[in-house]
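Welcome! Let's look at how two helices pack, and then at a patch on the surface.

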Amino acid sequence: MTYVRRYILPVSCIGVGFFVVLRDVLGVSVSKYIFLLICVSALVLMKTEHVALFLFFLVPLYAGLPGNYLTIFFLVRLGASFYHERKRREVAVPLAVFALGFIVFLFVQNFIKGYTSVYHYAICMEICLLFLLSELKIDFSARHALTLYALGTALVGFAALSVYAGEYSFSAIFSGEIRFGDIYGEGGMRMTIDPNFLGFHCLGGIALEAEAIRRDFVKGIMRWETLVSVLLLIPLMFLGLIGLSRAFFVCLFLLICCELFLCGKTPKGLLDCLCALGLCAVLGYGVISSRFSSLFQTLLDRFSMSDLRNANGRLELIDRWLGEWLSTAESFLFGVGLFQTNVHFTALQYLFGLGICGAFFACGFFYFWAKNIGFCLKGERFAPFLTVFVMSCSVPAGASLTAFFPFVAVVMISDPLKYEDTRRRSV
């Protein structure tokens with residue numbers, strides 16, 4: 001049985017990926033219950049640490065899967081593990097208090113504002129899920145987690161690209177004539193994702209893969225995981241390009257600067273990294289100029305001063321919702337509604353949407369959650385976190401686990417101790 005359980009995770013990921021491709025790329029009708037059957041069967045049979053790894057693969061795919069149902073099943077599975085290990089665990093009281101306060105606040109606010117759909121209450125379940133992930137102290141391979149996260153992100157990107165191209169055409173997307181992901185027609189459950197959120201997920205994957213490669217490079221360790229990380233950067237960069245997100249490229253430049261700074265501890269390390277970066281830049285420019293020159297020109301046009309004025313409307317949104325937030329004492333203290341506030345700035349979305357009281361519970365929960373996991377923003381861990389945080393200032397990622405999952409991935413994976421050799425671990 002132990003031998004069989006080793007293969008449940010990879011088989012399940014392959015199964016989900018196969019049916020996503022069958023549905024969104026090949027156009028074959030696939031029931032959501034097939035995805036649920038695969039995932040629930042896997043959750044019942046696999047080890048707890050593999051459940052966490054499965055989550056890293058599936059959450060990016062929530063955009064085209066029955067994500068609310070899957071969150072419930074993940075909650076039940078991790079809740080069973082928590083109950084089984086309750087005598088060996090001490091609950092972090094501050095984390096539990098802030099999690100409960102955050103959930104109650106959201107529940108009451110949604111009720112008062114008249115939000116009654118499952119989507120609006122799903123975040124309460126997602127907070128519980130993050131709480132269990134933190135409390136269980138799951139010992140998983142971070143290298144495997146970031147590989148699965150990158151694979152899930154690449155799969156959602158290419159599946160959504162196929163769906164979008166089916167309505168328009170690949171030539172229109174690659175020429176820059178239309179922006180990938182901006183508009184979708186109607187048509188059942190399928191993979192759809194906003195290009196800014198796709199860029200957010202791609203940036204999270206690139207930041208973690210780049211950090212892993214740099215650590216291997218500095219240590220002089222070249223193994224198959226390093227090659228996998230290099231190969232996974234290619235689809236993530238490609239999807240970031242076709243999404244035409246300016247914030248993605250600004251944060252990518254910031255990430256490169258951070259990684260070069262970390263490599264600059266020794267002249268040899270800096271020279272090696274500059275050579276590797278230069279080679280990648282030359283190869284990338286050659287491919288883009290020969291295959292996607294029009295798309296690249298469209299991206300450059302998006303950085304023109306006329307298009308950047310007022311941050312493409314983001315400053316107007318901030319000004320509007322700032323006025324709404326400060327309009328009354330009630331809105332100042334309790335917010336104008338998390339799901340009503342569409343300001344493209346995650347931290348301000350919490351502040352304006354939840355008010356002082358709600359933002360207090362939200363900040364407290366995320367602080368103690370990261371602390372309970374063992375995350376500390378110091379040393380080399382700042383590079384992935386900083387780049388993901390900066391891009392969060394351009395997207396409204398506060399209302400669902402799928403949207404802010406790059407934060408979760410960075411906090412749970414970027415611990416340097418987890419990048420030690422993982423060859424003794426089996427997945």
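A crossing of helices is left-handed if the near helix is turned anticlockwise from the far one by less than a right angle, and right-handed if clockwise. This is a predicted model, where local features need pLDDT of at least 70, side-chain atom pairs count only at pLDDT 80 or more, and totals for chains, interfaces and linings use all residues. Residues are numbered from 1 along each chain as its sequence is written, and side-chain values use heavy atoms, without hydrogens and water.

**Helix packing**
- H8 (residues 142–167) crosses H10 (residues 195–219) in a left-handed way; helices here are DSSP runs (H or I, at least four residues) numbered from the N terminus.
- In H8, the residues in contact (heavy atoms within 4.5 Å) with H10 include Tyr-149 and Gly-157.

**Nonpolar patch**
- Leu-322, Leu-326, Phe-332, Leu-333, Phe-334 and Ile-356 make a nonpolar surface patch of about 480 Å²; patch residues have over 30% relative accessible area (Shrake-Rupley, 1.4 Å probe) and no salt bridge (Lys or Arg side-chain nitrogen within 4 Å of an Asp or Glu carboxyl oxygen), with nonpolar side chains joined within 5 Å.
- Helix H17 gives the most, three residues, while Leu-326 lies in helix H16.

Technical notes
Axes fitted to C-alpha atoms, helices over the stretch in contact; angles between N-to-C directions. Helix = DSSP H or I, 4+ residues; strand = E, 2+ residues; numbered from the N terminus. Patch = residues over 30% accessible without salt bridge, like charges linked within 9 Å, V, L, I, M, F, W, Y side chains within 5 Å.
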